[in-house]
Amino acid sequence: MESSLLQSRRLLHGRGRCYEGLEQVTIDYHPGAVMLTLFAPLEMLDELLAELQGCIDGSNQPQTAMIIQRRFLEGTPSELFCGVLPEPAIARIGDSVFALQYMSKQNIGFFLDMAPGRDWLQQRVSGKKVLNLFSYTCALSVLATRTGATEVINMDMSKAALSVGRQNHLLNDLPAKQHGVQFLAHDIMKSFGKLDKLGPYDIIICDPPSFQKGSFVAEQHYRKLLSRMLPMLAPSAEVLLCLNAPEMSPAFITSLTDELWPGVRFVQRLPEHPDYPEAERDRGLKLLHYINEAVVTA
């Protein structure tokens with residue numbers, strides 16, 4: 001734990017089914033807090049809590065909070081088990097920080113598992129115009145702006161998430177207006193005309209929910225999303241398509257792009273971060289890299 005006290009990271013990825021008896025558990029660390037998420041009741045909970053408590057007591061931050069979130073209960077309640085909630089509550093990745101909300105919502109404001117996507121973006125974003133679809137709290141926008149993007153358009157239907165996104169830019173001394181960053185609170189599936197007018201884009205990141213009633217259901221809506229995205233691609237544009245649905249394989253996406261995206265080449269599925277081992281790789285987060293190689297004709 002000592003080596004992780006400054007940086008956010010996943011400590012245990014039980015959901016990858018590599019740890020017997022812990023398949024419904026994840027444990028994350030952020031500065032000042034350990035978050036234990038349960039996706040089902042756990043018989044060995046007391047034993048696990050005692051072990052975590054021992055790690056905290058033996059660290060140089062004995063006031064570290066331990067939070068338990070029970071996803072299997074209605075309302076996904078969170079409980080402060082011990083310690084003191086950090087103020088401010090932040091995630092830290094490298095030199096960047098992001099606001100967190102521990103006790104009020106299922107998703108606390110930052111997705112650690114997007115680490116490969118964050119690295120991918122920072123390696124190629126300098127001098128590029130970026131479209132960040134389903135942007136949530138705009139962590140990718142912060143990193144893109146910090147790494148030299150010329151313009152970033154964030155779109156999400158949640159005004160509350162975009163408000164946190166603005167806060168995240170300010171936390172990192174990246175005021176939006178001075179850095180060409182926009183926050184658009186729209187239903188993406190009804191906003192293709194606006195996106196077309198703002199394009200084309202050099203980089204598009206598309207990270208939709210796999211199932212969000214009234215907004216986006218991957219099996220129903222990904223086809224339309226891909227078909228409408230194609231005209232937005234600048235020559236040599238790069239795209240990162242994301243799918244976080246254990247029951248759906250990468251072939252769901254690649255079969256659609258083979259059909260709908262002539263001239264756009266599938267490059268690779270990004271490797272998983274070592275903090276996220278998967279017994280069955282196809283069940284893990286799918287991050288698929290594409291590049292537009294279509295020939296532009298006059």
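In this predicted model, Cys-138 is buried, its relative accessible area being 0%. Cys-138 takes part in no disulfide, and the nearest cysteine sulfur, that of Cys-242, lies 15 Å away. Cys-242 also counts as buried, at 1% relative accessibility. The sulfur of Cys-242 has its closest cysteine sulfur in Cys-206, at 7.0 Å, which is too far for a bond. A disulfide is, after all, a covalent bond between the sulfur atoms of two cysteines. With a cut-off of 2.5 Å between the sulfur atoms, the count of disulfides comes to zero.

The surroundings of these cysteines lead on to the nonpolar cores. The largest nonpolar core has 35 residues, and those touching the most other members are Leu-133, Tyr-222, Leu-225, Met-229 and Leu-241. Two or more residues each come from strands S8 (129-133), S9 (151-156), S11 (201-206), S14 (233-243) and S16 (286-292), and likewise from helices H5 (192-198), H6 (218-229) and H7 (251-260). Strand S14 supplies the largest share of this core, six residues. A second, separate core holds 21 residues, among them Val-130, Val-152, Ile-205 and Cys-242. Such grouping fits a broader pattern: in soluble globular proteins, nonpolar side chains tend to be buried together. For Leu-133, leaving aside residues up to four places away in sequence, the contacts are Met-155, Ile-188, Leu-195, Ile-204, Ile-205, Cys-206, Asp-207, Leu-225 and Met-229.

Several of these strands belong to an open sheet of seven strands with mixed pairing, ordered S10-S9-S8-S11-S14-S16-S15. Strands S10 (181-185) and S15 (264-269) are at the edges with a single partner strand each, so one side of each is left without a neighbour in the sheet. From one strand to the next, the twist averages 15°. Within this sheet, S8 and S9 run parallel and are joined by five bridges, with Val-130 standing opposite Val-152 in S9. Helix H4 (residues 159-171) packs on the sheet and touches S9 and S10, its direction making about 165° with that of S10. Helix H6 packs on the sheet as well, where it touches S8, S11 and S14, and its direction makes about 170° with that of S14.

Helix H2 (residues 115-122) offers another view of the interior. Six of its eight residues are buried, so this helix is largely enclosed by the rest of the structure. The buried residues of H2 are Ala-115, Pro-116, Gly-117, Arg-118, Trp-120 and Leu-121. They pack against strand S6 (90-93), helix H3 (139-146) and strands S11, S14 and S16.

Earlier in the chain, an open sheet of five strands follows the order S1-S2-S3-S4-S5, and its pairing is mixed too. Strands S1 (9-13) and S5 (78-82) stand at the edges, each with a single partner strand, so one side of each has no neighbour in the sheet. On average, and with direction ignored, neighbouring strands of this sheet are turned by 20° against each other. Strands S2 (residues 25-30) and S3 (residues 33-38) pair in the antiparallel sense over six bridges, and Asp-28 stands opposite Met-35 in S3. Helix H1 (residues 45-57) packs on this sheet, touching S2, S3, S4 (65-70) and S5, and its direction makes about 155° with that of S4.

Strand S4 ties several of these features together. Strands S3 and S4 pair in the parallel sense over six bridges, with Ala-65 in S4 as the bridge partner of Ala-33. Together, S3, H1 and S4 make a right-handed β-α-β unit. Strands S4 and S5 run antiparallel and are joined by four bridges; here Leu-80 in S5 is the bridge partner of Ile-67. Strand S4 is mostly covered, six of its six residues being buried. In a regular strand the side chains alternate between the two faces of the sheet. In S4, Ala-65, Ile-67 and Gln-69 point one way, while Met-66, Ile-68 and Arg-70 point the other way, and all are buried.

Key: Residues numbered from 1 in each chain as written. Predicted model: local features only at pLDDT ≥ 70, side-chain atom pairs only at ≥ 80, totals over all residues. Heavy atoms only, no water. Pairing = 2+ DSSP bridges. Axes fitted to C-alpha atoms, helices over the stretch in contact; angles between N-to-C directions. Contact = heavy atoms within 4.5 Å. Core = buried A, V, L, I, M, F, W, Y, C linked by side-chain atoms within 4.5 Å. Buried < 20%, exposed > 50% of the residue type's maximum accessible area, 1.4 Å probe, protein only. Right-handed = clockwise from strand over helix to strand, strands pointing away.
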